[in-house]
Amino acid sequence: TSLFYYSSNFDSLLSSSDYSNIDPVYVMILPGSYNPENNDFYYPKNVQLILGLNSTIIWLNNDSDILHTVTASFSRNYFGESATRMNYLLPNEEWSFKFTAEGTYKYFCAPHPWMTGHIIII
(Lines give C-alpha, C1' and ligand atoms only; values in the text may rest on other atoms or scores of the structure.)
Protein backbone atom coordinates (compact mmCIF):
# COMPACT_ATOMS: atom_id res chain seq x y z
CA THR A 1 0.00 0.00 0.00
CA SER A 2 1.21 3.45 -0.84
CA LEU A 3 1.23 6.11 1.83
CA PHE A 4 0.32 9.73 1.15
CA TYR A 5 2.09 12.35 3.22
CA TYR A 6 1.00 15.91 3.66
CA SER A 7 1.36 18.75 6.09
CA SER A 8 -1.22 19.22 8.84
CA ASN A 9 -2.09 22.59 7.31
CA PHE A 10 -2.73 21.05 3.87
CA ASP A 11 -6.20 22.62 3.45
CA SER A 12 -4.86 26.13 3.86
CA LEU A 13 -2.07 25.37 1.38
CA LEU A 14 -4.54 24.54 -1.36
CA SER A 15 -5.47 28.20 -1.62
CA SER A 16 -1.87 29.37 -1.52
CA SER A 17 0.91 29.15 -4.10
CA ASP A 18 3.63 29.18 -1.43
CA TYR A 19 4.49 25.60 -0.52
CA SER A 20 7.81 26.43 1.15
CA ASN A 21 6.60 25.28 4.56
CA ILE A 22 5.98 21.65 3.53
CA ASP A 23 8.27 19.31 5.42
CA PRO A 24 10.27 16.61 3.65
CA VAL A 25 9.20 12.99 4.09
CA TYR A 26 11.50 10.70 6.05
CA VAL A 27 12.13 7.07 5.14
CA MET A 28 13.88 5.16 7.89
CA ILE A 29 16.30 2.30 7.26
CA LEU A 30 15.30 0.06 10.14
CA PRO A 31 17.57 -1.90 12.50
CA GLY A 32 18.23 -5.42 11.25
CA SER A 33 17.73 -4.47 7.59
CA TYR A 34 20.97 -6.25 6.66
CA ASN A 35 19.32 -9.61 7.49
CA PRO A 36 17.71 -11.19 4.37
CA GLU A 37 15.14 -12.93 6.58
CA ASN A 38 13.86 -9.57 7.80
CA ASN A 39 10.90 -8.13 5.86
CA ASP A 40 11.05 -4.73 7.54
CA PHE A 41 13.88 -2.61 6.15
CA TYR A 42 12.51 0.72 4.89
CA TYR A 43 9.74 2.49 6.75
CA PRO A 44 7.64 3.24 4.93
CA LYS A 45 8.50 0.93 2.01
CA ASN A 46 6.03 2.59 -0.35
CA VAL A 47 5.49 6.34 -0.52
CA GLN A 48 3.24 8.51 -2.67
CA LEU A 49 3.99 12.23 -2.93
CA ILE A 50 2.78 15.24 -4.89
CA LEU A 51 5.30 16.83 -7.23
CA GLY A 52 6.19 20.33 -6.08
CA LEU A 53 4.31 19.96 -2.81
CA ASN A 54 6.17 17.35 -0.78
CA SER A 55 8.56 15.80 -3.27
CA THR A 56 11.71 15.65 -1.11
CA ILE A 57 12.58 12.46 0.75
CA ILE A 58 15.25 12.06 3.39
CA TRP A 59 16.51 8.53 4.04
CA LEU A 60 17.95 7.97 7.53
CA ASN A 61 20.07 4.91 8.33
CA ASN A 62 18.96 3.64 11.75
CA ASP A 63 20.69 0.27 11.28
CA SER A 64 23.62 0.16 13.73
CA ASP A 65 27.07 -0.70 12.38
CA ILE A 66 25.85 -1.38 8.82
CA LEU A 67 26.29 0.64 5.59
CA HIS A 68 23.32 1.04 3.23
CA THR A 69 22.55 2.80 -0.04
CA VAL A 70 19.52 4.17 -1.87
CA THR A 71 20.14 2.86 -5.39
CA ALA A 72 17.82 3.20 -8.39
CA SER A 73 16.44 -0.13 -9.62
CA PHE A 74 16.77 -1.61 -13.08
CA SER A 75 19.93 0.28 -14.06
CA ARG A 76 18.10 3.59 -14.08
CA ASN A 77 20.09 6.57 -12.90
CA TYR A 78 17.39 8.86 -11.50
CA PHE A 79 19.29 9.32 -8.23
CA GLY A 80 22.62 9.92 -9.97
CA GLU A 81 25.96 8.82 -8.60
CA SER A 82 25.36 10.44 -5.22
CA ALA A 83 23.12 7.58 -4.10
CA THR A 84 25.38 4.72 -5.11
CA ARG A 85 29.16 4.51 -4.84
CA MET A 86 29.69 7.97 -3.50
CA ASN A 87 27.03 7.97 -0.81
CA TYR A 88 27.02 4.91 1.37
CA LEU A 89 25.02 5.81 4.44
CA LEU A 90 26.80 5.03 7.66
CA PRO A 91 24.64 4.46 10.76
CA ASN A 92 22.76 7.63 11.73
CA GLU A 93 23.62 9.35 8.44
CA GLU A 94 20.97 10.68 6.10
CA TRP A 95 20.66 11.43 2.41
CA SER A 96 17.98 13.50 0.70
CA PHE A 97 16.65 13.65 -2.82
CA LYS A 98 14.15 16.05 -4.39
CA PHE A 99 12.04 14.51 -7.14
CA THR A 100 11.45 16.78 -10.13
CA ALA A 101 9.29 14.57 -12.36
CA GLU A 102 6.18 12.45 -11.95
CA GLY A 103 6.64 8.70 -12.10
CA THR A 104 7.35 5.53 -10.16
CA TYR A 105 10.82 5.26 -8.67
CA LYS A 106 11.93 1.85 -7.43
CA TYR A 107 15.06 1.55 -5.33
CA PHE A 108 17.09 -0.92 -3.32
CA CYS A 109 20.22 -1.15 -1.16
CA ALA A 110 23.22 -2.21 -3.27
CA PRO A 111 24.93 -4.35 -0.60
CA HIS A 112 21.56 -5.79 0.56
CA PRO A 113 19.40 -6.17 -2.60
CA TRP A 114 16.42 -7.68 -0.73
CA MET A 115 15.88 -4.20 0.71
CA THR A 116 13.50 -2.63 -1.80
CA GLY A 117 11.09 0.29 -1.80
CA HIS A 118 9.29 2.53 -4.22
CA ILE A 119 8.08 6.06 -4.52
CA ILE A 120 5.21 7.33 -6.65
CA ILE A 121 5.28 11.00 -7.56
CA ILE A 122 1.98 12.37 -8.89
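**Exercise 1. State what share of the protein counts as buried, and describe its overall make-up.**

Solution. Of the 122 residues in this predicted model, 38% count as buried. The accessible surface of the protein is about 6900 Å², and carbon and sulfur atoms hold 51% of that surface. Next, list the secondary structure: there are one helix and nine strands. Along the sequence they follow the pattern β-α-β-β-β-β-β-β-β-β. Finally, turn to the contacts with a separation of 6 or more: 64% of them are between residues 24 or more positions apart.

**Exercise 2. Work out the strand order of the open four-stranded sheet and find which strands stand at its edges.**

Solution. Step one is the order, which is β3-β2-β5-β7, with mixed pairing. Step two is the edges: β3 and β7 each have a single partner strand, so one side of each has no neighbour in the sheet.

Step three takes two of the pairings. Strands of a sheet pair through backbone hydrogen bonds, either parallel or antiparallel. β2, residues 25-29, runs antiparallel to β3 and is joined to β3 by two bridges. M28 has Y43 in β3 as its bridge partner. β5 and β7 are also antiparallel, with five bridges between them. Here T56 stands opposite K98 in β7.

Step four sorts the residues of β7 by face. W95 and F97 lie on the covered face, while E94, S96 and K98 lie on the uncovered one.

**Exercise 3. Determine whether N61 is buried or exposed, and describe its surroundings.**

Solution. First locate the residue: N61 belongs to strand β5, residues 56-61. Then compare its accessibility with the cut-off. The relative accessible area of N61 is 0%, and buried means under 20%, so N61 is buried.

Now look at its side chain. A polar atom of the N61 side chain lies 3.3 Å from the backbone oxygen of L90. Beyond four places in sequence, the contacts of N61 include I29, I66, L67 and H68. L89, L90, P91, N92 and E93 are also among them.

**Exercise 4. Find where D65 and N92 lie, and compare their backbone angles and exposure.**

Solution. Take D65 first. D65 is in the loop between β5 and β6, the latter being residues 71-72. Its phi is about 65 degrees, a positive value although D65 is not a glycine. With a relative accessible area of 74%, D65 is exposed.

N92 is in the loop between β6 and β7, with β7 covering residues 94-98. Phi of N92 is near 70 degrees, positive in a residue other than glycine. N92 is exposed, at a relative accessible area of 62%. N92 is also one of the contacts of N61.

**Exercise 5. Identify the residues joined by a cis peptide bond, and place the proline in the fold.**

Solution. The bond joins Y43 and P44, with omega about -5 degrees. P44 lies in the loop between β3, residues 42-43, and β4, residues 46-49. On the other side of the bond, Y43 is the bridge partner of M28.

**Exercise 6. Name the residues of the nonpolar surface patch and classify the exposure of Y88.**

Solution. The patch consists of L67, Y88 and L90, whose accessible area together is about 250 Å². Y88 sits in the loop between β6 and β7. Its relative accessible area is 36%, so Y88 is partly exposed. To link this patch to Exercise 3, note that L67 and L90 are among the contacts of N61.

Key
Residues are numbered from 1 along each chain as its sequence is written. This is a predicted model: local features need pLDDT of at least 70, side-chain atom pairs count only at pLDDT 80 or more; totals for chains, interfaces and linings use all residues. Side-chain values use heavy atoms; hydrogens and water are left out. Buried means under 20% relative accessible area, exposed over 50%, partly exposed in between (1.4 Å probe, protein chains only). A polar contact is a pair of N or O atoms within 3.5 Å; within protein, one must be able to donate a hydrogen and the other to accept it, and residues adjacent in sequence count only if both atoms are side-chain atoms. Contact means heavy atoms within 4.5 Å. Two strands pair if DSSP finds at least two bridges between them. Patches are made of residues with over 30% relative accessible area and no salt bridge: like charges are joined within 9 Å, nonpolar side chains (Val, Leu, Ile, Met, Phe, Trp, Tyr) within 5 Å. Accessible areas come from the Shrake-Rupley method with a 1.4 Å probe; for residues, only the protein chains shown count as cover. A salt bridge is a side-chain nitrogen of Lys or Arg within 4 Å of a carboxyl oxygen of Asp or Glu.
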